Structure formats: C-alpha cells, structure tokens
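The following exercises are to be worked with the sequence and the model in view. Each task is followed by a solution in steps.

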Amino acid sequence: NVNDGVELYSVFRDWNLRAFVSQTIPHEDNVDTSVPGWKKENDRTYYALEATFLGISDHGVYGYILIQRDNTNPEPEDHLHSYTYNSEYLGLGSQGKLTPQTHYWAEIIKESGRSRIYDTAEKRRIDAWAGDFGVSYDWQVYSHPNLSIEYAFGSGDSSRTSVTDTQG
C-alpha cells in the first residue's frame, strides 16, 4: 500500500520520537472489497506516534499508537448500509541483546475502535489482540549462520468473519 504523507523524527539523549500522518492515494483499490465501488475508491487517513527509550544499554523499550480513519464513500451510494471501519492500535515492546550474539524481541498490540456491522448497520466495538516474541542467536563463524525462534499470535475479532471486509 502506497500513501501520501509526512513523517517527523526527532532524537533526544535517551529517546527517539517518530510521528507520521498519511493518506491513501485517491483512486486506489479499497482493502474492504465489500464497499460498492471498492475498485478505485479508497479514502483512509493514518496518524501515528512512537516513542523509544534507549537509556538501558543494549536494549530499547518502545510504545506506539496508530489511528486509522475510514472516510470511504460507497460508489454508487448505499443508504441501507454503512461500511465505516475506524480502528486504533496500541503497541508496547522491547528489543535488545541478552549476550553479544543473542538478540530478543517482544511486542504486544491491542486493536480497538468502532465499526458498522453490514447487515444491521449497528455500531460494534473492535476488540483484538496480537503478540510477537522471539530470540535469535548469531554464530561468529564463516557465513554467520543464525538460529531464530519466534512465536506470534493474533486473537482476531469475534464479531467479524472477514479480516478486511465490513460485510461479514
């Protein structure tokens, strides 16, 4: 997905801050294929802020918020249904070195927000969780092989049958 936007990045003694705002490109296909006219009709805006604390040697702790606003209009208009999907993501994580050759990472993400349910046009809360945890070891030998172990999960949202469409 390509967007038009602006990103700001600032470095302080023990902190890095990053923020961005972006807008989907006009006339790009919508990820929600249940919206009438989804081909070439996408209008979403994204806002994000991330802070990383680097004051612990060989470790970084970070948190972020990402807000997605869906301004897409069905084409042709559909007065019987609403397709709005407005979501917020809150993430917390850490990454760093346990030894010079052993790296770790851990991140937990909460998705929330409000969406319309297609058949009823009723507003429904968005409620999902995700996590990613891993460790890797880099051997200091010829060709630098790497062994990684990672576990990731996602709860999904119990009120949805499709990960991209408001219908269902």
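**Exercise 1.** Determine which residues Ser155 touches, not counting residues up to four places away in sequence.

*Solution.* Step 1: apply the criterion for contact, namely heavy atoms within 4.5 Å. Under the stated exclusion, Ser155 touches Ala128 and Trp129. Step 2: consider the backbone. Ser155 and Trp129 are 26 residues apart along the chain, and their C-alpha atoms are separated by 5.3 Å. Step 3: place the residue. Ser155 lies in the segment after E8, where strands (E, at least two residues) and helices (H or I, at least four) are DSSP runs numbered from the N terminus. Step 4: classify its exposure. Buried means under 20% relative accessible area, exposed means over 50%, and partly exposed lies in between (1.4 Å probe, protein chains only). With a relative accessible area of 45%, Ser155 is therefore partly exposed.

Two remarks apply to every exercise. This is a predicted model, in which local features need pLDDT of at least 70 and side-chain atom pairs count only at pLDDT 80 or more, while totals for chains, interfaces and linings use all residues. Residues are numbered from 1 along each chain as its sequence is written, and side-chain values use heavy atoms, with hydrogens and water left out.

**Exercise 2.** State how many helices and strands there are in the chain, and describe its surface.

*Solution.* Step 1: the chain has 0 helices and 8 strands, which gives the pattern β-β-β-β-β-β-β-β along the sequence. Step 2: of the 168 residues, 30% are buried. Step 3: the accessible surface is about 10800 Å², and carbon and sulfur atoms account for 58% of that area. Accessible areas come from the Shrake-Rupley method with a 1.4 Å probe; for residues, only the protein chains shown count as cover. Step 4: among contacts between residues at least 6 apart in sequence, 48% join residues at least 24 apart.

**Exercise 3.** Identify the residues that make the nonpolar surface patch and the strands that supply them.

*Solution.* Step 1: a patch is made of residues with over 30% relative accessible area and no salt bridge; like charges are joined within 9 Å, and nonpolar side chains (Val, Leu, Ile, Met, Phe, Trp, Tyr) within 5 Å. Step 2: Ile108, Trp129, Phe133, Tyr151 and Phe153 make a nonpolar patch of about 500 Å². Step 3: strand E7 (122-138) and strand E8 (146-154) each supply at least two of its residues. Step 4: Phe153, in strand E8, is partly exposed because its relative accessibility is 34%.

**Exercise 4.** Which residues are linked with Arg18 in a network of salt bridges?

*Solution.* Step 1: a salt bridge is a side-chain nitrogen of Lys or Arg within 4 Å of a carboxyl oxygen of Asp or Glu. By this rule the count comes to 5 salt bridges. Step 2: Arg18 pairs with Glu7, with 2.7 Å between the closest N and O atoms. Because Arg18 is in strand E2 (residues 15-24) and Glu7 in strand E1 (residues 3-11), this pair ties together parts 11 residues apart in sequence. Step 3: Glu50 also forms a salt bridge with Arg18, the closest N and O atoms being 3.6 Å apart. Here Glu50 of strand E3 (residues 44-53) and Arg18 of strand E2 are 32 residues apart, so the pair is described as linking distant parts of the chain. Step 4: Glu7, Arg18 and Glu50 are thus linked in a network of salt bridges.**Exercise 5.** Locate Glu111 and decide whether it is buried or exposed.

*Solution.* Step 1: Glu111 belongs to strand E6 (residues 102-117). Step 2: its relative accessible area is 13%, and Glu111 is therefore buried. Step 3: the side chains of Glu111 and Tyr89 make a polar contact (3.1 Å). Such a contact is a pair of N or O atoms within 3.5 Å; within protein, one must be able to donate a hydrogen and the other to accept it, and residues adjacent in sequence count only if both atoms are side-chain atoms.

**Exercise 6.** What is the phi of Ser143?

*Solution.* Step 1: most residues other than glycine have a negative phi. Step 2: Ser143, although not a glycine, has a positive phi of about 75°. Step 3: Ser143 is in the loop between E7 and E8 and is exposed because its relative accessible area is 55%.
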